[in-house]
Structure formats: C-alpha cells, structure tokens
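Me: Could you take a close look at one loop residue in this model for me, and then place it in the rest of the chain? I'd like one connected walk-through.

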Amino acid sequence: DPTTGLTWMRCAMGQTWTGSACSGTERTYTWDQAVALTNTVTFAGKSDWRMPNIRELQTIVDYAVIDPAMDTQVFPNAPASVFWSGSPDAGQSDYAWSVVFQTGDATSTSRSIDFSVR
C-alpha cells in the first residue's frame, strides 16, 4: 500500500485466496483474541503480522462506494463486516476502534464483541 507502506491481506482472516478471489467465510474474534494473533500468522512470507491501527485501517475505506466501502478490485469478495483495528479507545479501557466496512464508518466498540480481522 503506497499510502501506509503496509502489506494488506487481500482476504479477511478465515478466508482463503484462490488466486483471483477470496473464498470462504471470515472468522471473527474479540479484540483481545485478535491482538493475541500478533506475530503468530505468516503472510506474504513474513511473520511480523499485526492489526492495523485505526488510521491505517481507514486508508482502505472507499467512501465513493458502500457495502463494502472498499476497492473490491484490490479486496475481491470483501465482506461488508466490521473489522477490528489494533487501536484501543484511550477514553474507555474496555473499548477499541473498528471500521464498519458496509459504510466505512469508524466506531468505538466493546472489546468483547466478535468482529473480523484483516
């Protein structure tokens, strides 16, 4: 990604890249479960995977489209789900930031709720 310098997973965790699209259903995690995945996943030949912070995650939002609000050429079969960021909410210790990819809105939500991860 030229904006962030990050390498993005084209598919959500739980989905599989077929060479032209993502197949399967994304897995969901509480925020703490998602954070625990850090450095345990190998992707694109690297094992230093982490969740993007909220600003990084918002860079893949495309506000010109909805359902999903992202470039489906880059992220084919992208679910219009809510995705966790790696950013805790500084004002509420049991909340963290996420992006609702149906609309592209960022929201602070209880860390106990299951959301998708990219």
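Reply: Quick definition before the loop: helices (H or I, at least four residues) and strands (E, at least two) are DSSP runs, numbered from the N terminus. Keep in mind that this is a predicted model.

With that, S81 sits in the loop between α2 (54-58) and β3, and β3 itself covers 82-88. Is S81 buried or exposed? The cut-off for buried is under 20% relative accessible area, and S81 has 17%, so S81 counts as buried. Leaving out residues up to four places away in sequence, S81 touches E26, V99, V100, F101, Q102 and S116.

F101 is a handy link to the helix on the other side of that loop. L57 is in helix α2, and F101 is among the residues L57 touches, along with W8, P52, F83, W84, S85 and V99, again skipping residues up to four places away. V99 turns up in the contacts of S81 and in those of L57. At a relative accessible area of 1%, L57 is buried. Its C-alpha is 14 Å from that of V74, with the two positions 17 residues apart in sequence numbering.

Now for the nonpolar packing. The largest nonpolar core has 14 residues, and M13, Y29, A34, W49, M51, W84 and V117 have the most contacts inside it. Helix α1 (31-36) and strand β3 each supply at least two of its residues. Another core, of 13 residues, lies apart from it and includes A12, V61, F83 and F101. So L57 touches W84, listed for the largest core, as well as F83 and F101, listed for the other one. As a general point, nonpolar side chains in soluble globular proteins tend to be buried together.

M13 gives another way into the largest core: beyond residues up to four places away, M13 touches E26, R27, Y29, L37, V41 and V117. E26 is also one of the contacts of S81.

Zooming out, the chain has 2 helices and 5 strands, in the order β-β-α-α-β-β-β from the N terminus on. The radius of gyration is 13 Å, close to the 13 Å the globule rule gives for 118 residues, so the chain is as compact as a globular protein of that length. Of those 118 residues, 42% count as buried. Among contacts with a separation of 6 or more, 58% join residues 24 or more positions apart. Carbon and sulfur atoms hold 48% of an accessible surface of about 6,300 Å².

Note on methods:
Residues numbered from 1 in each chain as written. Predicted model: local features only at pLDDT ≥ 70, side-chain atom pairs only at ≥ 80, totals over all residues. Heavy atoms only, no water. Rg over C-alpha atoms; globule rule 2.2 N^0.38 Å. Buried < 20%, exposed > 50% of the residue type's maximum accessible area, 1.4 Å probe, protein only. Contact = heavy atoms within 4.5 Å. Areas by Shrake-Rupley, 256 points an atom, 1.4 Å probe, with all protein chains shown as cover. Core = buried A, V, L, I, M, F, W, Y, C linked by side-chain atoms within 4.5 Å.
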